[in-house]
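Colleague: I would like to go through this model with you before I plan anything around it. Shall we take it one question at a time?

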Amino acid sequence: GWRPSSGSKQAFFGLQTLDLSYNLISSPGAVATLAVQLPNLEDLDLTCNGLAGLPHPRLMAQFKRLARLKLERNGLRDDPAPGSQDDGGGSLLARVGACPSLESLGLAYNYLT
């Protein structure tokens, strides 16, 4: 997956809004990288990417300022997908709930029951 270079890390440190909708981001690890590398992010759009899950809550908690998160039209499930390895992080809502400043969450058109 994409990893920012040391120069780009510093260049984007203050970034507050990021729209990565309609890409091919399917790995929870890519989301974890965003949480660690972009600590000032307030608005993140990951609509229509094919995500089947999110990182462990301790990694999601790194989104300290994230207020708006759009996750519509992914492959998200409340429980781990059949055949996937459970990392012990709990349900999707436990992972999202670890974001301390979250005010708005979009989860339409996923596999939630």
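**Reading the model**

Colleague: What is the relative accessible area of R73?

Modeller: Partly exposed is the class here, between buried (under 20% relative accessible area) and exposed (over 50%), with a 1.4 Å probe and protein chains only. R73 falls in that class, and its relative accessible area is 43%.

Colleague: Before we go on, how are the residues numbered?

Modeller: This is a predicted model, where local features need pLDDT of at least 70 and side-chain atom pairs count only at pLDDT 80 or more, while totals for chains, interfaces and linings use all residues. Side-chain values use heavy atoms, without hydrogens or water, and along each chain, as its sequence is written, the numbering starts from 1.

Colleague: Back to R73, then: what is its phi near?

Modeller: R73 belongs to the loop between β3 and α4; helices (H or I, at least four residues) and strands (E, at least two) are DSSP runs, numbered from the N terminus. Most residues other than glycine have a negative phi. R73 is not a glycine, yet its phi is positive, near 55°.

Colleague: Which residue in the segment after β4 also has a positive phi?

Modeller: That segment holds a residue whose relative accessibility is 60%, so it counts as exposed. Its phi is near 60°, again in a residue other than glycine. The residue after β4 is Y109.

Colleague: Let's step back to the fold. What pattern does the protein chain follow along the sequence?

Modeller: The secondary structure adds up to 4 helices and 4 strands. Read along the sequence, the pattern is α-β-α-β-α-β-α-β.

Colleague: Which are the edge strands of the sheet?

Modeller: The sheet is open, with 4 parallel strands in the order β1-β2-β3-β4; two strands pair if DSSP finds at least two bridges between them. Strands that pair on one side only are the edges, and here they are β1 (17-19) and β4 (104-106).

Colleague: Inside the sheet, which residue of β3 stands opposite D43?

Modeller: β2 (residues 43-45) and β3 (residues 68-70) run parallel and are joined by 3 bridges. The residue opposite D43 in β3 is R68.

Colleague: Which residue caps the N-terminal end of α2?

Modeller: A polar contact is a pair of N or O atoms within 3.5 Å; within protein, one must be able to donate a hydrogen and the other to accept it, and residues adjacent in sequence count only if both atoms are side-chain atoms. At α2, a side-chain oxygen lies 3.0 Å from the backbone nitrogen of G29, and the capping residue is S27.

Colleague: Against which elements do the buried residues of α2 pack?

Modeller: The buried residues of α2 (residues 28-37) are V31, A32, T33, L34 and A35. Contact means heavy atoms within 4.5 Å. The elements they pack against are β1, β2 and α3 (57-60).

Colleague: And which helix gives the largest share of the largest nonpolar core?

Modeller: Such a core is a set of buried Ala, Val, Leu, Ile, Met, Phe, Trp, Tyr and Cys residues joined through side-chain atoms within 4.5 Å. This one has 22 residues, and L44, L51, L54, M60, F63 and L71 touch the most other members. α2 and α4 (92-96) each supply at least two residues. The largest share, 3 residues, comes from α2.

Colleague: Last one: what is the C-alpha separation of L46 and S26?

Modeller: L46 lies in the loop between β2 and α3, and at 0% relative accessibility it counts as buried. Beyond its neighbours within four places in sequence, L46 has contacts including L20, I25, V31 and L71. S26 is 20 residues away along the chain, and the two C-alpha atoms are separated by 9.9 Å.
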